[in-house]
Amino acid sequence: MEFKPFDNSFIREHKKGGSQTKMTGTKKDLINYRIARAKDTYDDALILAEREKWNSSINRLYYAAYYAVMALLLHSELNPTTHTGTKSNFSEYFIKTGKIDKEYGKVYSQLFTWRQKGDYDDLFDFEKDKVVPYFEPVNQLISTIADIIQK
């Protein structure tokens with residue numbers, strides 16, 4: 001599997017002096033942070049996949065998409081407070097309206113379901129053939145959202 005990691009220098013700049021630095025700043029700062037976090041989390045998924053940690057890879061792929069979607073929603077003055085609310089807002093305001101391709105909505109929805117299954121169901125393990133096909137769509141979703149936000 002050969003995917004190129006994102007440049008995550010923005011997120012590294014905000015990790016000063018420990019793992020729990022609280023950020024303050026503008027809405028734009030928070031949006032940029034969430035995009036950077038999406039890219040960083042995507043890179044974590046790549047590392048986990050290289051070690052064949054498929055449940056953890058699904059978790060990280062979901063969160064990479066989640067952080068990007070949250071950046072998009074914040075950019076659009078939407079602020080859901082739950083993961084279900086995030087999924088609903090993304091679908092209603094971006095997928096159903098055609099602003100973002102419906103295939104990305106399907107990918108996000110599937111990752112949402114699988115992340116819960118992988119995290120909470122006993123005796124359930126993902127296999128490589130289920131996980132690997134999600135890397136490219138998540139990569140593209142993050143890039144698509146970053147492009148929308150930059151306009």
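These legends describe close-up views of a predicted model.

**View 1. The whole chain is built from helices, with seven helices and zero strands.** From the N terminus on, the order reads α-α-α-α-α-α-α. The chain has 151 residues, and 42% of them count as buried. About 8900 Å² is exposed, with carbon and sulfur atoms supplying 46% of that area. Take the contacts between residues at least 6 apart in sequence: 66% of them join residues at least 24 apart.

**View 2. Ring pairs link eight named residues into a cluster: Tyr62, Tyr63, Tyr66, Tyr67, Phe90, Phe94, Tyr108 and Phe112.** The count of aromatic pairs comes to 13. Tyr62 and Phe112 make one of these pairs, in edge-to-face geometry. Their ring centres lie 6.1 Å apart, and the planes meet at 65°. That angle is over 60 degrees, so the pair counts as edge-to-face.

**View 3. The Tyr62–Phe112 pair joins two helices.** Tyr62 belongs to helix H3 (residues 54-75), and Phe112 to helix H5 (residues 102-120). The pair therefore ties together parts that are 50 residues apart in sequence. Tyr62 has 0% relative accessibility, so this residue is buried. Phe112 is buried too, with a value of 8%.

**View 4. The charged end of Lys99 sits over the ring of Phe94.** The distance to the ring centre is 5.7 Å. Phe94 is also a member of the ring cluster, together with Tyr62 and Phe112.

**View 5. Lys117 lies over the face of Phe124.** Here the distance to the ring centre is 5.0 Å.

Technical notes. Residues are numbered from 1 along each chain as its sequence is written. This is a predicted model: local features need pLDDT of at least 70, side-chain atom pairs count only at pLDDT 80 or more; totals for chains, interfaces and linings use all residues. Side-chain values use heavy atoms; hydrogens and water are left out. Rings of Phe, Tyr and Trp (its six-membered ring) pair if their centres lie within 6.5 Å; planes under 30 degrees apart count as stacked, over 60 as edge-to-face and the rest as tilted. Helices (H or I, at least four residues) and strands (E, at least two) are DSSP runs, numbered from the N terminus. Buried means under 20% relative accessible area, exposed over 50%, partly exposed in between (1.4 Å probe, protein chains only). A charge sits over a ring if NZ of Lys or CZ of Arg is within 6 Å of the ring centre and within 35 degrees of the ring normal. Contact means heavy atoms within 4.5 Å. Accessible areas come from the Shrake-Rupley method with a 1.4 Å probe; for residues, only the protein chains shown count as cover.
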